[in-house]
Amino acid sequence: MIFRVAFLILAVLILTGCGSRAQDPLVQSVRAAVQNVGQTPAAPTPVAQQRLAIIQAIRDAGAEDPILLVALPERSAVATLGVGGDNLGVITWIDAGGVSVALKNGVIVSTRGLGHDLIVSDVSGSVAALKMKRSSHTREQRYLNGEGQLHGIELSCAAELEAKKVTETCHSETRRVVNTYELKHNRVIRSRQWLGPELGYAEIEQLQ
Amino acid sequence: MTEKRKLLRYALVCLLSCLWTTPVWAESVRLSFSTYGTPGLIDMPVALSAPDAELVVTASYFENITRSTLSFQITPRLSAAFRYSGLEGLGGSVRDNLFDRSFDLQLRVLDEGRVVPAVAIGLRDFIGTGVYSSEYIVATKNIGTRVSLTGGVGWGRLGRRGYLERADPTATTNQGGQFETTRWFRGKAAFFGGVAWQINDRAQLKLEYSSDSYIQEEAGAAIDRRNQVNIGVDYRLNDKVALQAFHLYGATFGVAINVRNNPKSAKSPSGTHAAPYPVRPRGAARDLGWVNEDVARRTLREALAIAMRHEGLVVEGLDLSGTRVQIHVRNTRYNFTAEAVGRTARVLTQVLPDSVEQFEITLSGNGVATSQVRFSRTALERYEHAPDGPERMLQNARIQEANLETLPRFDPTLYPRFTWGLGPYLRASYFDPDRPVLADFGLRLNAEYSIAPGLFLAGSVRKTIVGNIDQSDRPSNSVIQRVRSESNRFLREGDPALETLTLAYLFRPGRALYGRITLGYLEAQYAGLSAELLWKPVQSRLALGIEVNFVKQRDFDQLFGFQSYDVTTGHISGYYSFGNGYHAQVDVGRYLAGDWGTSISIDREFANGWRIGAYATFTDVSFEDFGEGSFDKGLRFTIPLSPFLGQPSRRKFGVTLQPLTRDGGARVHVDGRLYESVRNFHASGLESSWGRFWR
């Protein structure tokens, strides 16, 4: 009984959050956890459905700025991103929730804010492959491990262009990944690219 | 008793029935843990090691014996364990239960080869009171992928001797805690051995012939041993948790749970917090016209303030010229200093006019400048997306001593500033001889008034709401000045308690020097003046410090009064970072009871902020006068909270496990000791987290 009282007091304290440090992440996350108790999360809408709804909304709004649609099927997540930066041909796309994706000629260079981010990827071989009928190249994708140190996954890839679609098949020591890029006027308009072992594939589409 | 046995037998049957439900074949025999919480069969050890840095908590129970063990793989070969055991009915006349603390070490000396087995040598209970005192050499060999054989020879308890037989009858004053090296690997020895069979991916069956005869336990009627054969089942629920059940010595059933954690792993290694600002590349024109335009300067200061606040960074000072910016930054959000530097740099590219090329970012901790990272804006533009961007940036950055001149104040509202918080707290007291764990829950009010950079007035008050720490009422039996052994009286009588109330001043007396002066109620038991000076060059792995404290013991009620005892205590300290995550510290000086001596501590720190260490203090207080334990020692842990919160935070959870709180080798606690608050800003701290520069 006495512990139940203590727990209630604790919960109330955290929910009300006293002091000038109420924005503390610890307080906030405990508060979120307490508020979520007993609530079943809403069933996620399938990714494809979310995507269509977003595309429709953007068309209806008649937006003119370029928009990037990124879906992570393994996380059932879809985000729309706008251009945030352009440095040496790498475009950084940013969404309101703090996720960013950087692309060079449509090939993913890095991500931020996804937890298992692709810190940086050597994409020069893949970018060159988009302009060729057939090619082979290597690429390295780098991640942070649990200790905060960078480690790389080396991939050796072969790419092939067929009917305005480039298929890039890559092998590491333990896995095989397939990236596909759909081209229009020599630009990537739609693609499916492997982000990493935890995030899986991203489906990317540029609108406008 | 029969009820309990029925329950344990039921647990064993349950686990056995689980064994054949998941027909996935394991690639090799998985590492299992003994009832002692170390790599092993059931009571016997094996010659295997856990993965590097694995931290395993084990609780095992059988027939009146409880063992709670924390084991840590210090290096790939060396592991250590700390254990707290309860032996019902063995406490003698004073109390019924014997609570015992013990430390183990195991070193794998030989790796398994195609023919040769893995070989390890180990010490159990080598500085405890000796209940589990034993030594062993053990070999383990895998046969195929599903069976492993283990054989070894043991001395002491593992040589089928009782622990009282081993105790030296001439050493009447042995208080435990001493290294009885002369008796290691001596006397009667006995063989032990066993087999582990990996049935499938989750389940393992273990069978052993034990060389432990539980002589005292049997004599004390705690166990009724019939033979030396044990059989056990290990069932792995997931990567972290395993359950075990045993049938022991033909007599009884037992259960155990192992919970594993590895500081090297993290749920979301790069964090899910917001992306940084991208670098804004410059155009061709580098106009200097803005330098003399007040409006332009004011606008860019406002933009800088907004963007930095957005990133959780506080601008303490700014000096901007036509081609160079100097900025003092306080990091309130990121666990890793390199990330704070990287984000500051990118904000600067967004806001500053194109003519500013040289970036000098100074990190300030507690209001004092610590180190400066300097690089060109061109490098930032060039390497933002480069495949070797982190390495290139590090090559192009100079990490050096901060510029000690005070920069123009950026934000006049920063000082003075008042912050406060009211929140719950939970605190625990471990290893009371009568009750192993006691806990208190209550409210804590803390407040801080930052008067000027480096000058703080801070305090905290606590009030217990519910708890049982006040049940700790065993009086101190210490024969020397009671400087810590009456801690339970402070815990009991201090409600409400003024925990701290101090005025602290942090400053830079010169190059590579840091100073601190703290005055007031320093901690729960002492008040006074504490002064510290630290020498730590930015690039150096070595640091030296000196600290002097004039303190008076506070009243048990922890309000404003004092007891009569006062003392001058202080140390000369040497700190060394080995560069591979290992840190050593040696302190020489005078301790709270007026005793002179030295403390040695070794910590292993992981790049993600986890830290695990051990310390020991030897002073001129004799082992006899010290009392139980013979000398002060303990384990300490620091766990960063950001991985659990899923967002960046500089908060950490720290705990020190001190098996016995006595009066010899005790030190005063002061907030904000210099070395720990400075070193993360220096070269080794920055470089070890540099992978996050572009995060």
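This report describes a predicted model with chains A and B, covering its sheets, its cores and the contact between the chains.

## Chain A and its sheet

Chain A contains 4 helices and 12 strands. Of its 208 residues, 31% are buried. Among the contacts in chain A with a separation of 6 or more, 29% link residues 24 or more positions apart.

An open sheet of 12 strands is found in chain A, with antiparallel pairing and the order β5-β4-β3-β2-β1-β12-β11-β10-β9-β8-β7-β6. Its edge strands are β5 and β6 (120–121) of chain A, each of which pairs on one side only. Within chain A, β7(A) pairs with strand β8 (residues 150–162) in the antiparallel sense over 11 bridges. One position in this part of the chain can be located by its partner: E140(A) stands opposite E154(A) in β8(A).

## The contact between the chains

The contact between the two chains draws 42 residues from chain A and 46 residues from chain B. On the side of chain A that touches chain B, the elements giving two or more residues are the helices α1 (2–16) and α2 (25–36), together with the strands β2 (77–87), β3 (90–94), β4 (100–104), β5 (107–112) and β7 (134–144). The greatest contribution to this side comes from α1(A), with 5 residues. Sorted by class, the side of chain A that touches chain B holds 19 nonpolar, 17 polar and 6 charged residues.

## The nonpolar cores

The largest nonpolar core has 76 residues, and those with the most contacts inside it are V70(A), V101(A), L103(A), I108(A) and V109(A). Helix α5 (residues 337–351) of chain B supplies the largest share of this core, 7 residues. A second, separate core has 31 residues, including A47(B), L87(B), V138(B) and Y214(B).

Which residues is V70(A) in contact with, leaving aside its neighbours within four places in sequence? They are A79(A), L81(A), V101(A), A202(A) and I204(A).

## Helix α5 of chain B

Helix α5(B) has 15 residues and reaches 21 Å from its first C-alpha to its last, close to the 21 Å expected at 1.5 Å a residue. Of the 15 residues of α5(B), 14 are buried, so the helix is largely enclosed by the rest of the structure.

## The mixed sheet of chain B

In chain B, 5 strands form an open sheet in the order β13-β14-β15-β16-β17, and the pairing is mixed. Strands β13 (313–320) and β17 (398–401) of chain B stand at the edges with a single partner strand each, so one side of each is left without a neighbour in the sheet. On average, neighbouring strands of this sheet are turned by 25° against each other, direction ignored.

At one edge, β13(B) and strand β14 (residues 324–331) of chain B pair in the antiparallel sense over 7 bridges. A hairpin joins β13(B) to β14(B) through 3 residues, and D319(B) stands opposite Q326(B) in β14(B). Elsewhere in the sheet, strand β15 (residues 358–365) and strand β16 (residues 368–376) of chain B pair in the antiparallel sense over 8 bridges. G365(B) has V368(B) as its bridge partner in β16(B).

## Strands β8, β9 and β10 of chain B

Strand β8 (residues 189–198) and strand β9 (residues 203–209) of chain B pair in the antiparallel sense over 6 bridges. The two form a hairpin with 4 residues between β8(B) and β9(B). A196(B) has K206(B) as its bridge partner in β9(B).

Strand β9(B) is also joined by 7 bridges to strand β10 (residues 229–236) of chain B, the two running antiparallel. In β10(B), I231(B) is the bridge partner of L207(B).

## The surroundings of G152(B)

G152(B) lies in strand β7 (residues 147–156) of chain B. Is this glycine, G152(B), buried or exposed? G152(B) counts as buried because it has 24 C-beta neighbours inside 10 Å.

Apart from its neighbours within four places in sequence, G152(B) is in contact with Y136(B), I137(B), V138(B), A139(B), F192(B) and G193(B). Of these, V138(B) is included in the second core. By comparison with these contacts, G152(B) and D470(B) are 318 residues apart in sequence and 47 Å apart in space, C-alpha to C-alpha.

How values were computed. Residues numbered from 1 in each chain as written. Chains lettered and ligands numbered in written order. Predicted model: local features only at pLDDT ≥ 70, side-chain atom pairs only at ≥ 80, totals over all residues. Buried ≥ 20, exposed ≤ 12 C-beta atoms within 10 Å, placed from the backbone. Contact = placed C-beta atoms within 7 Å. Core = buried A, V, L, I, M, F, W, Y, C linked by C-beta atoms within 7 Å. Expected span 1.5 Å × (residues − 1). Nonpolar A, V, L, I, M, F, W, Y, C, P; charged D, E, K, R; others polar. Pairing = 2+ DSSP bridges. Axes fitted to C-alpha atoms, helices over the stretch in contact; angles between N-to-C directions.
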